[in-house]
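I opened this structure to see how the chain is built overall, and then to look at its cysteines. My entries follow in the order in which I looked things up.

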Amino acid sequence: MVPFYGVGDYLGDCLGSIARQAWTDFEAILVDDGSPDDSAVIAKEFCARDPRFRLIQQENSGPGPARDAGIREATGEYLAFVDGDDLVSRYGFAALVRTLDRTGSDFAGGNARRFNNSFGVRPSWLHKQPFARVRHATHVTEFPDLVLDRMLWNKVYRRSFWTEYGYTFPPIRYEDYPVALKAHLDAVTVDTIPQAVYYWRERESGESITQQKFQLGNIRDRVTSAGMVVDLVEDAVPVVRRRVHAHLAQIDVLTLMSAFGTVPPDDEQALVDLSRELVDRLDEDVLAATHRYDRIQHAALRAGDVDLLRRLAVFRNSGGLRGGARAVARPRRSKQLDYNYPGRGESAVPRELYRLRDQDLTLATSVREVRWVDGKLSVKGTAEIRHLETGRTSTLDIALAVGETSYPLEVRRYDALDLHGDKTLVGFEVLLDREVLAECTGAPAHFEVRMRSGRRERKGMLGGQGPGSPGWPPGAWIDETNWIQPGPGKYGWFSLRRLTDPCRLTAVERTADELVLHGRASFDEPELYLSRPVVGGEEEVPLEVDGRDFTARLPIQDVLDAANHDDPFGQRTTRVFRVRGPERQQRVLLWTAGDAAVSQVKDGRVVTLTRSTGGYVNLHESPIRTTAVDVVADGNQLVVRGWAGRDVSFSWRRYLADSDEHLDVPCSRVETADGWSAAADLDALVPASAVRVSVDPLAALADWILFATSRDGTAHAVQCEPFLCSRLPLAITRGSHALAVRPHAGTLHVEVR
């Protein structure tokens, strides 16, 4: 079921992903909900060439009635829903139907991904908890996190179940949550799978329903929908009722509070009334357990203080909570601290809501850069106590914790941006020499951090890995047989592992028809296996073995023939290698074959051997992507080098807030022996009117993304190669501004502060 309205730019891709899915026995009912653009033309073209697609048209009635109209036309055993600007994975529906056939459940749901051109593909946080793992024949009363599953499109329903309960959609926006939740309550059992079955588009512009959420008409529909949800769980088991109320407080009430930052004055009272309508229906115990700032906004709402509600919303919408406001001392009670939030000291909100408790002053750490310098591992980051200014008298101790033993490290401190956007003594660097690194074991070793600021001392583990080298940390040999690999460990802590005589890739050769892998195993008689994408299992790769050394030949055509991508956006197949020994020992293959990926192009596709975030060997098969492999600051120029950029022009692009409009800084392009280079004027990347408009102290003045534009005008973000990710960020100073080149979700960005 595909209702659509005004999605002409995306509908073709959506329908194409449906047509390519592995489950071929389907009917796709397209419902033109009075679309004002050329969406209907695109739909008719699809129907003309694929009899599985059928179009019905109606006057604009909204997504709910459009879905109902499609359901009335459906004849299949199952029902599934797709929005016209999204994509479906190739194997998603097949996987959901397969689990229903196995369990007999009433419906099954799977995970989702967010995506757009600027930031690539990312997990959908809303679906992370409900679909973290396989659950057969479960129920919302058994697994209450299913109340977070408020969308329809990541599921397959039995038509008999849908008909039995007679579900229809209310003629409002946010029509899906009341239906989705009622189905969870009515079902005997449901299934969940962690596989990403749906790709949810996140627009670069601000025209989707989600991004128009602060408009009053949208708010009214949201409150109506939330009220229907509250009615549904009125007599539900307490754990479900409480979880639903908590979710509405976290998502819907927060949206209402944020709307006060943009609502026109004439609509303010209507917004107050709508907000009270929802808040008054929610459990007081649930509201009392929300974030301190939420409770301040709830109190301002109850007091009817529209001016304070506006100031609180602007502060929040502009990122004021990102670093947690700086603490301020209470008058005449210097030992007690307050959050410096709007409304402090005013009568509308109880003063105690602004009080900062000692337990709120927690240790905050980040990893900003990971490098190998003259055989030593350099780790740079920040450490501070939240809400407090880090003064010159503060102290910082860092030790490497290996099992029960701690090894103190020499700490170099320097000024860096803290959580409040001030340059204070929060930056640090530790250098670990080979002697210390040799103490690491196969188990993760972590960094213990102890900080003292004034009379307060806090302890914790180093975490908070940022984009660039912290996310793609480079490993290195510390002697002939021991490799140190940094990376995320338990609870996201930054960790080090020593790999002794690992199975590793030592070199790669490229021929016209093959990739030739040379490696060394940790044991005799090695066998090499390559995972099978999507369908599972693995296939053996023939080896030429000389003791523990081996050579493997991967015919490019064989890799192309085995491609089986399940990602409708990136259309990439990723495979991993495992080495097995005669005693069934097994190792993942570590990349030690230099600092550049090896690629081969054939038939419009590219096969690439590269590294994963953990340093292991990945084999990718994908469409040819314009890819950056190096970036340097050369005088007044920012120069990016890469490959697969034929017949494109390059520019750094930034999108304007709440707009389809964007600004481009063009690059001069030069052909090189193995690709291209694109150079831009660094000063042109600093906005002429670079004025901070956000109270978020860490907000960038501009975020540029490198785009490649083809002759036909289509544009796509340039990919950032993994080995380049491991060398970033690149810091550049231009006058009073700091520029940082970083990767984000596989694309290349320049942030200007």
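**Notebook: surface, fold and cysteines**

I began with the surface, keeping in mind that this is a predicted model, and found that the chain exposes about 32,800 Å², of which carbon and sulfur atoms supply 47%.

I then turned to the interior and noted that 54% of the 753 residues of the chain count as buried.

For the secondary structure I looked up the totals, which come to 16 helices and 48 strands. The radius of gyration is 28 Å, close to the 27 Å that the globule rule gives for 753 residues, so I put the chain down as being as compact as a globular protein of that length. Along the principal axes, the C-alpha atoms fill a box of roughly 80 × 70 × 55 Å.

Next I checked the contacts between residues at least 6 apart in sequence, and wrote down that 67% of them join residues at least 24 apart.

On charges, I recorded 94 positive and 107 negative ones in the chain, with their mean positions 6 Å apart.

How many disulfides does the count come to? I found 0. Cys 720 is in no disulfide, and its nearest cysteine sulfur, that of Cys 725, lies 3.6 Å away; a pair has to be within 2.5 Å to count, so this one does not.

Last, I asked whether Cys 720 is buried or exposed. Its relative accessible area is 8%, so I entered Cys 720 as buried, and Cys 440, at 1% relative accessibility, counts as buried too.

Methods. Residues are numbered from 1 along each chain as its sequence is written. This is a predicted model: local features need pLDDT of at least 70, side-chain atom pairs count only at pLDDT 80 or more; totals for chains, interfaces and linings use all residues. Side-chain values use heavy atoms; hydrogens and water are left out. Helices (H or I, at least four residues) and strands (E, at least two) are DSSP runs, numbered from the N terminus. The radius of gyration is taken over C-alpha atoms; the globule rule is 2.2 Å times the number of residues to the power 0.38. Buried means under 20% relative accessible area, exposed over 50%, partly exposed in between (1.4 Å probe, protein chains only). Contact means heavy atoms within 4.5 Å. Accessible areas come from the Shrake-Rupley method with a 1.4 Å probe; for residues, only the protein chains shown count as cover. Lys and Arg count as positive and Asp and Glu as negative; His and the chain ends are not counted. The place of a charge is taken as NZ of Lys, CZ of Arg, CG of Asp or CD of Glu.
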